[in-house]
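Subject: Structure handover and notes

Dear colleague,

Please find the structure below, as agreed. My notes come after it; please read them with the coordinates open.

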Amino acid sequence: MRIPELIRRKRDGESLGEREIEELITAYVRGEVPDYQMAAFLMAVYFRGMTEEETAALTRAMVRSGEQADLRTVGGVTVDKHSTGGVGDTTTLVLLPLAASAGVRVAKMSGRGLGFTGGTLDKLAAIPGFRTELSVAEFTAQIRRIGLAVTGQSPALVPADGRLYALRDVTATVESIPLIASSVMSKKIAAGADKIVLDVKVGRGALIRDRDRAEELGRLMVQIARRAGREATVFLTDMDQPLGLAVGNALEVAEAIRTLQGRGHPALVELCLELGAEMMRLAGVEADPDRAKEILLKKLESGEALEKFREWVRAQGGDERIVDDPSRLPAAPFVQAIQSDVDVYIRDVDALRLGRCAAKLGAGRQRKGDAVDPSVGIVMGGRVGDRIERGRPVAVVHAASREDLSAAVEEVRQAVSLSREKVPGRPAVIARIAGVDTFGR
Ligand code: URA
Ligand code: CA
C-alpha cells in the first residue's frame, strides 16, 4: 500500500475501501506510518469528509487496534452513557446512580477533561479516596453487585484513538464529524456495553457549535452503532450556557449530591430524567418514557437514587461521608461572590468563557497529563431566564490564590450578562435521535 496515493485519493475527494482504511490504521499503530503522513491524511479527511461506509470502516479498524472488554459476565443488558464534552456537565454523576436505582445496569468507561471541558473522571477524583481505575474484573463485579461502575478507559482498548487524538489535537483536525464519530464510537464499542446513550453537546461550550452539524454527527453515530450490532440513542443538548450551576470538580460533586437530594436545578434534573428514561427503555426496564420519568422522579424523592450514589462512592473506595457532609470535599481558600444590587434576570452566560475561566483557575488542564485542582471553579446563581434577587449572588468564584480570584471575578463578569427585564429560559434538551426510522436525509 502506497500511503501518498491514499492521501492523494482522499485529498481529491475519493472514497477509500474498507481494506485500505484497515491497513492504514494497522500500519500507523505499528509505527510503520509516520505522523506527518497521518497528519496529511487527517487534514484531507477534515476537508473532504468520509462516507458512512468509510467512517464505519475506520471505526472498526480502530476497535481492532486493541482489546475489547467482555461484559458478558455482568449478565443482562448493559448500558453506557457518553457526552461529547461540555462545561459544568454534571449529568453523569446524577444520572448513573439514578438510572441504576431504577434497575439499569450501567457500565461506563470515561475520559479525563481536556481544555475548557471537564471530564467525569476528574470530578469523581475530587471525592477523597475514590478509585477511578478499576480492573475489568472489578468493573464487571461491581456492576453485578450494585448496578453501576465507572472506570478510566483502559489503554489496552483502542490504542489507535489515543495516538490519532493526540495528532488531531496538534494539527487542527479535531473538529471533523467522521473523525469525532469514529473516535467516540470505537471507544464505546470496545468498552462493550450493549446499549449506548450519547449526549451530543451543541453551542459555544461544545466541540460543535452548530445544531445541523451536531445532528449530522448524532445520526452518523447511531448508524455506526447499528452496523456494529449495538443500539444507540443520541440527544442533542444545549451547551451554549453551562449545565446546571456548578463548574469545577468538587463543586460539581456537591451539585450532584444536591440534585440527588431533590434540590437540583430543574434544567439538570430534566436532562437526567430524559436520558434516564431512555436508558430504562434501552435496558428493557420500562418502554414508556412518561412512566419511566415518573419512576425516576420517585427514586429522587424517596432518596433511593442518593443511596445508590453513596453505595457507588463506597464501592470505589471513596469517602462516603461527603454525601451527608459535602464540606469534606476539597475546598478552595479564596471565595468571592459577585452580587447585584438590584433584582435581575440572567440574560446570557457564555459557556466557553466560563469554561476557560474555570480551566484557568485550575479546574481543567491545558495539556494531557497536567494536574487539576479539585477545589476551584464557579457556581452560578442561576441559568438564563432565572431571577436573581438583590443581594443574592449572580456567581461565586472559588480560587486557589487571591490573584486567580480577582482575575476570575473579572472574567465571570464579562461572561455573564444581566437584564432588568424578564428573559425566557432555554431548555437543556434540544432533540433526540433514535432508531433507524428517524433517518432518511
Ligand atoms: N470525544 C472523543 O472521544 N473524541 C473526539 O474526537 C471528540 C470528543
Ligand atoms: Ca454543573
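The notes below go through conventions, domains, the calcium site, salt bridges and a few single residues.

This is a predicted model, in which local features need pLDDT of at least 70 and side-chain atom pairs count only at pLDDT 80 or more, while totals for chains, interfaces and linings use all residues. Residues are numbered from 1 along each chain as its sequence is written, chains are lettered from A and ligands numbered from 1 in the order in which they are written, and side-chain values use heavy atoms, with hydrogens and water left out.

Domains

The protein chain is divided into domain 1 (3–49), domain 2 (71–324 + 430–439) and domain 3 (331–419); the bounds come from an automatic or database domain assignment. Between the C-alpha centres of domain 1 and domain 3 the distance is 43 Å.

Calcium site

The calcium ion (ligand 2) has as protein donors Gly-88 (O), Thr-90 (OG1), Leu-243 (O), Ala-246 (O) and Glu-255 (OE), at 2.4 to 2.6 Å. Donors here are N, O and S atoms within 2.8 Å of the metal (3.2 Å for Na, K and Ca); water is not among the atoms, so sites may look incomplete. Along the chain the donors of this ion are spaced as G-x1-T-x152-L-x2-A-x8-E. Gly-88 sits in the loop between strand S1 (78–83) and helix H5 (91–101), and Leu-243 in the loop between strand S5 (231–238) and strand S6 (246–247), so the pair ties together parts 155 residues apart in sequence. Helices (H or I, at least four residues) and strands (E, at least two) are DSSP runs, numbered from the N terminus. Gly-88 is buried at 3% relative accessible area, and Leu-243 is buried at 1%. Buried means under 20% relative accessible area, exposed over 50%, and partly exposed in between (1.4 Å probe, protein chains only).

Salt bridges

The structure contains 45 salt bridges, each being a side-chain nitrogen of Lys or Arg within 4 Å of a carboxyl oxygen of Asp or Glu. Three of them are described here individually.

Glu-18 and Arg-64 are joined by a salt bridge with an N to O distance of 3.7 Å. Glu-18 is in helix H2 (residues 18–29) and Arg-64 in the loop between helix H4 (52–63) and S1, so parts 46 residues apart in sequence are tied together. Glu-18 is partly exposed at 34% relative accessibility, as is Arg-64 at 47%.

In the salt bridge of Glu-53 with Arg-227, the closest N and O atoms are 2.9 Å apart. Glu-53 belongs to helix H4 and Arg-227 to helix H10 (residues 211–227), so this pair ties together parts that are 174 residues apart in sequence. Glu-53 is partly exposed at 49%, and Arg-227 is partly exposed at 35%.

Asp-122 and Arg-365 also meet through their side chains, at 2.9 Å from N to O. Asp-122 is in helix H6 (residues 120–125) and Arg-365 in the loop between helix H15 (351–363) and strand S9 (377–380), distant parts of the chain 243 residues apart. Asp-122 is buried at 5% relative accessibility, and Arg-365 is buried at 7%.

Lys-195, Glu-231, Glu-278, Arg-281 and Arg-432 are connected in a salt-bridge network.

Helix H3 and the surface patch

Helix H3 (residues 35–48) contains Phe-47, which is exposed at 66% relative accessible area. Phe-47 forms a nonpolar surface patch with Met-43 and Tyr-46, with about 310 Å² of accessible area together. Patches are made of residues with over 30% relative accessible area and no salt bridge, like charges being joined within 9 Å and nonpolar side chains (Val, Leu, Ile, Met, Phe, Trp, Tyr) within 5 Å. Accessible areas come from the Shrake-Rupley method with a 1.4 Å probe; for residues, only the protein chains shown count as cover. Met-38, also in helix H3, is buried at 1%. The C-alpha atoms of Met-38 and Pro-4 are 9.9 Å apart in space, with their positions 34 residues apart in sequence.

Other residues

Val-342 is in the loop between strand S7 (334–339) and strand S8 (344–349) and is partly exposed at 28%. Its C-alpha is 9.3 Å from that of Arg-392, 50 residues apart along the chain.

Zero disulfides were found in the whole structure, a disulfide being a pair of cysteine sulfur atoms within 2.5 Å. Cys-272 is buried at 1% relative accessibility, and Cys-357 is buried at 2%.

Best regards
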